[in-house]
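Hi,

Here is the structure I promised to pass on. Have a look at it first, and then read on for what turned up in the side chains.

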Amino acid sequence: MSLRVFCVFLFSAWLPVCAAALPLPENGPALRIQGSNTIGAELGPALVEGLLQKQGLLKIHRETPDAANEQRIVGQTAEGQRVVIEVAAHGSSTGFVALKNASADLAAASREIKDSELQALQALGDLKSPGAEQVIAIDGLAIIVHPDNPLQQLDTEQLARIFAGEVKTWEALGGRGGPIHLYARDDQSGTYDTFKELVLSHRGKSLNSAAKRFESSEQLSDAVSSDPQAIGFIGLPYVRQAKAVAISDGASLPMLPLGSLIATEDYPLSRRLFFYLPPQSQNPWAKALVMFAQSRQGQQIVAANGFVSQTVHAMSVASNALMPEGYQALSRHAQRLTVNFRFEEGSASLDNKARQDMARVLDYIKRHDKSERAVTLVGFGDAKDDPARADLLSKLRAMAVRRELVRNGVVLREVRGFGALMPVAANDADQGRIRNRRVEVWVY
């Protein structure tokens, strides 16, 4: 499917979702969702409730079976027929296993599908295709400590050494409190997989066996906030009573897990939350839920549940002396949109989220009358041996975004490239390099 056709499809999804009645199941649940606890604890059920309301169902409520971290969301037709959607939230890995053994129709994941899972599920179609891999929200892993802990910031290298058990006391970090107590999600968790990938693995480290493990995000957070010596990692909505610290990666500035920095995925521990819909799926409820999650109503539910929605806004950026002069000028005269375009690994092609975001940016530009020389694109890249090559590649990425905007009737004001300046991640691993290869959108 071409980008143009895909954007048209997604743009229609970004409009209010139609309320065409879905077929009622003859027996059993209308939809079975398995996977991420981060999604399945609250966000997934809330999106399901929104879809049931959109379908005009009555008496919508949640039922809790005997199994922990499982729910049934139930609605009723005017004639009294029950419609049941099941949500099991035992970790992202379990969602892909359930797709394989046909015990789920839709997988919820708080990390990207792994190559091994993609291979195991190839009989269901390409789960990396644009229609299958659906980013429904952005989250940030918050590093949390007890609210009385004076620690303000850490870098990812320190984090890796702490959770590997190499840094054992708060005094070693310039603080106080004695031995550090580690709290972590369980092995099935996408939150753990994300932390392992972004912090531990590419530094050759693994989680210390002394860490206390939790299947529940809420329980982990509450345990940290009651232990003055604790440190843990958690999805953004689950900070609760704990304190989040600022994080830096490589040469990036320390950043708190703020909504604007997570929306652009500049925050070092940002992550995407996914629904994976098998391309060969014949379940209309699964398709409807994916479309509803991408709609304005769905993204409002995302925000209401403490995650960062993908709705595009303009934000002011404070100028500072660490910015190149051209970027400072932009920040004084324009506003930045809350989205970054990123690219497939080793490619100049927009990744699946960027393809979704293209529809949202076009919608914003047209609604705010920015189609005529009111938009500037700014490209960035990862560091190269030749700075001139980094500059060129950063501008070429911006030009790739420009082509899609121009194709949809937007006349740009300017396209700029800043090379490897202003990194948001370390360049010593593929994941960091991918994050640094980005295109910002600024409006006047």
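A salt bridge here is a side-chain nitrogen of Lys or Arg within 4 Å of a carboxyl oxygen of Asp or Glu. Glu 265 and Arg 272 fit that description, with their side chains meeting at 2.7 Å, N to O. Please keep in mind throughout that this is a predicted model.

Let me stay with that pair for a moment. Glu 265 counts as buried, at 6% relative accessibility, and Arg 272 is buried as well, with a relative accessible area of 17%. The two also belong to a network: salt bridges with shared partners join Glu 265, Asp 266, Arg 272, Arg 336, Arg 342, Asp 351 and Glu 440.

How many salt bridges does a search of the whole structure find? The count is 35, and two others are worth pulling up on your screen.

One of them is between Asp 105 and Arg 32, where the closest N and O atoms are 3.1 Å apart. Asp 105 lies in the loop between helix 3 (92–100) and strand 5 (106–109), while Arg 32 lies in strand 1 (residues 31–35), so this pair ties together parts that are 73 residues apart in sequence. Asp 105 counts as buried at 16% relative accessibility, whereas Arg 32 is partly exposed, with a relative accessible area of 25%.

The other is local. Lys 196 forms a salt bridge with Asp 193, and their closest N and O atoms are 4.0 Å apart. Both sit in helix 6, 3 residues apart, which means about one helical turn separates them. Asp 193 is buried at 7% relative accessibility, but Lys 196 is partly exposed at 29%.

Now for the rings. There are 10 aromatic pairs in the model. One of these is Phe 195 with Phe 233, a stacked pair with 4.0 Å centre to centre and 5° between the planes. Phe 195 comes from helix 6 (residues 190–200) and Phe 233 from strand 10 (residues 230–235), so the contact ties together parts that are 38 residues apart in sequence. Phe 195 has 0% relative accessibility and counts as buried; Phe 233 is buried too, also with a relative accessible area of 0%.

Tyr 327 and Phe 380 make an edge-to-face pair, with 6.0 Å centre to centre and 65° between the planes. Here Tyr 327 is in helix 11 (residues 325–333) and Phe 380 in strand 16 (residues 375–380), so the pair links parts that are 53 residues apart in sequence. Tyr 327 is buried, with a relative accessible area of 2%, and Phe 380 is buried at 0%.

Which residues share an aromatic cluster with Tyr 327 and Phe 380? Phe 418 and Trp 442 do, and the four form one cluster.

Phe 380 has a charged partner as well: the charged end of Arg 438 sits over the ring of Phe 380, 4.1 Å from its centre. There is a similar arrangement at Tyr 192, where the charged end of Arg 213 sits over the ring, 4.6 Å from its centre.

If you only open a couple of views, I'd pick the network that includes Glu 265 and Arg 272, and then Phe 380 with Tyr 327, Phe 418 and Trp 442.

Cheers

Note on methods:
Residues are numbered from 1 along each chain as its sequence is written. This is a predicted model: local features need pLDDT of at least 70, side-chain atom pairs count only at pLDDT 80 or more; totals for chains, interfaces and linings use all residues. Side-chain values use heavy atoms; hydrogens and water are left out. Rings of Phe, Tyr and Trp (its six-membered ring) pair if their centres lie within 6.5 Å; planes under 30 degrees apart count as stacked, over 60 as edge-to-face and the rest as tilted. Helices (H or I, at least four residues) and strands (E, at least two) are DSSP runs, numbered from the N terminus. Buried means under 20% relative accessible area, exposed over 50%, partly exposed in between (1.4 Å probe, protein chains only). A charge sits over a ring if NZ of Lys or CZ of Arg is within 6 Å of the ring centre and within 35 degrees of the ring normal.
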